[in-house]
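Work through the exercises below with the sequence and the model open side by side. Each task is followed by a solution in steps.

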Amino acid sequence: MKHTYTVMSFNLRVIVPTDPFIWEDRKHWIAETIHTYSPDVIGTQEATIPMLEWLKERFKESYEVYAVNRTVSTEVGEFSAVFVKKSSFTTGSKGSFMLSETPDIIGSKGWDAHCERICSWVELIPKGQTEPVLRFFNTHLDHMGKLARKEGLKLIRDVIRSKDNAKSLPVILTGDFNDVPESEALAEVSSMESCYSCFTEEEKEDSLTFHAYEGGIKGSPIDYIFGSNRVEFLTAHILRDSFDGGYPSDHYPVLATVKIL
């Protein structure tokens, strides 16, 4: 059985006509990034309905997609979508919950959040097997609400623990947390290992992930891959590929190789 997998966290950036690089160009750069690195599982953020429809069609042969809209709508909204490589896994149990005081109510907004925020999770079963080996969570924390980020991560941590008590599995959490490693919010998942534990001190100084389409490396990340319960990080990289002078997103994707012990 394969025990080593590649995991990506990728904020795709919603479609904004005034951005320096438009979706009609960026979608091909995003697809090329995914094709080049071919992760076993991807946690995406900021996928809207037309973006998700295009990506599902583009990768229909290679990835299964689990996505729940954070808003009760068939026209607008965003997804913390999970892309699962068909040649590596099938999906088992799955679910989504809002980062709010009423997590079961889709569209609910929590604490001081500016937007509705959702977390989606799937259990991953190696191809040809019947039992899951990994529980994968993906989310996007609020960009304005400091309390919402802290309480949102606390809620995710509690859901992870609750599911682990029912059935223990290795866990990976990906996402745009909109906060830096030393923040109060990130302290809520201090029991989990960050992919940046692989970085040297020099690399940590050059770990910028949100670059606003300007590039650059100096600074701290706000995009993460965390692991716990027998997940070991072997490598981690912030992918800074550019295409035709442009970037696939205003965030760099993060890629990690993990070993399931």
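**Exercise 1. A buried serine**

The model is a predicted one. Start from the polar contact of 3.3 Å that joins the side chains of Ser249 and Asp250, and describe the surroundings of Ser249.

Solution.
- Step 1: place the residue. Ser249 lies in the loop between S11 and S12.
- Step 2: find its other polar partner. The Ser249 side chain also reaches the backbone nitrogen of His251, at 3.1 Å.
- Step 3: decide on burial. The cut-off for buried is under 20% relative accessible area. Ser249 has 0% relative accessibility and therefore counts as buried.
- Step 4: list the contacts, leaving out residues up to four places away in sequence. Ser249 touches Phe10, Asn11, Leu12, Arg13, Arg26, His211 and Tyr213.

**Exercise 2. The sheet that contains S11 and S12**

Give the strand order of the sheet formed by S3, S4, S2, S1, S12 and S11, and find what packs on it.

Solution.
- Step 1: read the order. The 6 strands run S3-S4-S2-S1-S12-S11 in an open sheet with mixed pairing.
- Step 2: find the edges. Strand S3 (63–66) and strand S11 (231–238) each pair on one side only.
- Step 3: note the twist, which averages 20° from one strand to the next.
- Step 4: add the helix. Helix H1 (residues 23–37) packs on this sheet and touches strand S1 (4–11), strand S2 (41–45), S3 and strand S12 (254–260). The direction of H1 makes about 165° with that of S1.
- Step 5: check one strand pair. S3 and strand S4 (residues 82–85) run antiparallel and are joined by 4 bridges. Within S4, Val84 is the bridge partner of Glu64.

**Exercise 3. The other sheet**

Repeat the analysis for the sheet that includes S8 and S10.

Solution.
- Step 1: the order is S5-S6-S7-S8-S10-S9, an open sheet of 6 strands with mixed pairing.
- Step 2: the edge strands are strand S5 (89–98) and strand S9 (193–194).
- Step 3: strand S8 (residues 171–176) and strand S10 (residues 223–228) run antiparallel, with 6 bridges between them. Thr174 has Ile225 in S10 as its bridge partner.
- Step 4: H3 packs on the sheet, in touch with S5, strand S6 (118–126), strand S7 (134–140) and S8. Its direction makes about 165° with that of S7.

**Exercise 4. Nonpolar cores**

Which residues have the most contacts inside the largest nonpolar core?

Solution.
- Step 1: recall the background. Nonpolar side chains tend to be buried together in soluble globular proteins.
- Step 2: identify the core. It has 51 residues, and Phe97, Phe137, Leu153 and Leu173 have the most contacts inside it.
- Step 3: trace the source. Helix H3 (residues 146–166) supplies the largest share, 5 residues.
- Step 4: follow one member. Beyond its neighbours within four places in sequence, Leu173 contacts residues including Phe137, Leu153, Ile156, Val189, Met192, Tyr224 and Phe226.
- Step 5: look for a separate core. A second one of 21 residues includes Leu12, Ala47, Tyr63 and Val65.

**Exercise 5. Aromatic pairs**

Classify the ring pair formed by Tyr196 and Phe199.

Solution.
- Step 1: count the pairs. The whole structure holds 14 aromatic pairs.
- Step 2: take the geometry. The centres of the Tyr196 and Phe199 rings are 5.2 Å apart, with 70° between the planes.
- Step 3: apply the cut-off. Planes over 60 degrees apart count as edge-to-face, and this pair is edge-to-face.
- Step 4: check burial and neighbours. Tyr196 and Phe199 are both buried. They belong to a cluster linked by ring pairs, together with Phe177, Tyr224 and Phe226.

Definitions and conventions. Residues numbered from 1 in each chain as written. Predicted model: local features only at pLDDT ≥ 70, side-chain atom pairs only at ≥ 80, totals over all residues. Heavy atoms only, no water. Pairing = 2+ DSSP bridges. Helix = DSSP H or I, 4+ residues; strand = E, 2+ residues; numbered from the N terminus. Axes fitted to C-alpha atoms, helices over the stretch in contact; angles between N-to-C directions. Contact = heavy atoms within 4.5 Å. Core = buried A, V, L, I, M, F, W, Y, C linked by side-chain atoms within 4.5 Å. Buried < 20%, exposed > 50% of the residue type's maximum accessible area, 1.4 Å probe, protein only. Polar contact = N/O pair within 3.5 Å; in protein donor to acceptor, adjacent residues only side chain to side chain. Phe/Tyr/Trp six-rings, centres within 6.5 Å; stacked < 30°, edge-to-face > 60°.
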